[in-house]
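Okay, thanks for coming, everyone. I'll walk you through a structure that's probably new to most of you, so let's put it up and look.

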Amino acid sequence: MNTVTMKWLLRREFWEYKGAMFWGPVAVAALLVALFGGTIVYALSGQHLPTHLTINGQSMDHGITVALDTKVRLAKMATSVYLVAALPLFGLLSAVVFSYCLGALHDERRDRSILFWKSLPVSDEMTVLSKALTAMLVAPIITIVLATLTSLILLLVGCLALSLNGMNVMGAVLTSPDLYLSPLRLVALLPVYMVWALPTVGWLLLVSGWARTKPSMWAVGGPLIGLMIVKWMSVALQSLSGTPLNLMHHAQDLVARLLTGVVPGIWFSYDKMVLPNLRPTENGIDMNSLVTHSYATLATADAWIGFALGAAMLYGAVRLRRHRDEG
């Protein structure tokens, strides 16, 4: 029964926010295809393609057949980075999830639809959990699907443009394992994203359930004001006693966890030694390394302290929804 209920609750959230979660990303994806696709065709059209190319140190003339090993290397590089073309969609995901969480509990009190939803045999725990799962699971899955389709279309356009100029790499691209594994690796990162996003999702839902008006001001302004107070206290204490208040770093970390956790890949900012290992090379990006290092961040205290705080704030959001009925 709980599984069926949760399924319908997730559908309800998707139906209510379909414009932001689906049609908005679809519009951005269409724009990316139009702009990037047109740019690729223009750049690789016959009259603009250089007559002499060098790939991985090997020279070749325009219009001649490319060596098989060069095609394989070119295909490996292209298929390992082709999802980068959809990065704007993941940026949009951050904004959508942030906005959704801020309004998830506040809007139903403002328009009094909470009176209808509370008349149904659905617990507050299930309702708040469905909203958290929508933010951390449903919205990212939609983005991954659209990002994959968008990137595949752009990759296909690039391959066709190259083929028309005597560089047929379609076969090498279609037989490259990275073409099929890259989207699966993004899906594999969902548990990591959920762990790091929970503090922000919990905080935003807590504020959404508490604030009577302007939840965005409370959600963003509150932590920033707190950060300024800590900074002022640190400066004042140091000027009076000469002893600095070593809380600024922890305060900045807390504010970052509350406000930026829904940004995909934010976990790399807590392990700066990883970033140099993920830079693109002549063979593209090592996606296996990206997944490995992402899961390695779950072995840090930052990840699980934030997770515990996020879970506590979700519990607070449940309690607020149960008792803060303005209807």
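Before the tour, one term: when I say two residues are in contact, I mean they have heavy atoms within 4.5 Å. And keep in mind that this is a predicted model.

Let's start with helix α12, residues 248-260. This helix has 13 residues and spans 18 Å from its first C-alpha to its last, close to the 18 Å you'd expect at 1.5 Å a residue. Which of its residues are buried? In α12 those are M248, A251, V255, R257, L258 and L259. And what covers them? The cover includes α4 (87-104), α10 (190-210), α11 (215-241) and α14 (301-323).

Hang on to α4, please, we'll meet that helix again.

Next, empty space. How many cavities of 30 Å³ or more turn up in a search of the whole structure? The search finds 1. The largest cavity holds about 40 Å³ of space. Its lining is made up of A20, M21, P25, L89, L92, L93, V96, A139 and T143. The elements giving two or more residues to that lining are α2 (18-44), α4 and α7 (124-163), and α4 gives the most, with 4 residues. As for chemistry, the lining residues split into 8 nonpolar, 1 polar and no charged.

Now for the aromatics. The structure holds 7 aromatic pairs. Here's one to zoom in on: the ring centres of Y17 and Y100 sit 4.8 Å apart with their planes at 90 degrees, so this pair counts as edge-to-face. Where does each partner sit? Y17 is in the loop between α1 (2-16) and α2, while Y100 is in helix α4, so to speak our old friend, and the pair links distant parts of the chain, 83 residues apart. Y17 and Y100 are both buried. Elsewhere on the aromatic list, F14, F22 and W23 form one cluster.

Last stop: T127, which you'll find in helix α7. Buried or exposed? The cut-off for buried is under 20% relative accessible area, and T127 has 2%, so T127 is buried. What does T127 touch, if we leave aside its neighbours within four places in sequence? T127 is in contact with L9, R12, V122 and R321.

To pull one thread together: α4 is among the helices covering the buried residues of α12, gives the most to the lining of the largest cavity, and carries Y100 of the edge-to-face pair. That's my tour, thanks for listening.

How values were computed. Residues numbered from 1 in each chain as written. Predicted model: local features only at pLDDT ≥ 70, side-chain atom pairs only at ≥ 80, totals over all residues. Heavy atoms only, no water. Expected span 1.5 Å × (residues − 1). Buried < 20%, exposed > 50% of the residue type's maximum accessible area, 1.4 Å probe, protein only. 1 Å grid on protein atoms, 1.4 Å probe; cavity = no way out; pocket = protein on both sides within 12 Å on 5 of 7 lines; lining within 4 Å. Points joined across faces, edges and corners; volume = space filled by probe spheres on them. Nonpolar A, V, L, I, M, F, W, Y, C, P; charged D, E, K, R; others polar. Phe/Tyr/Trp six-rings, centres within 6.5 Å; stacked < 30°, edge-to-face > 60°.
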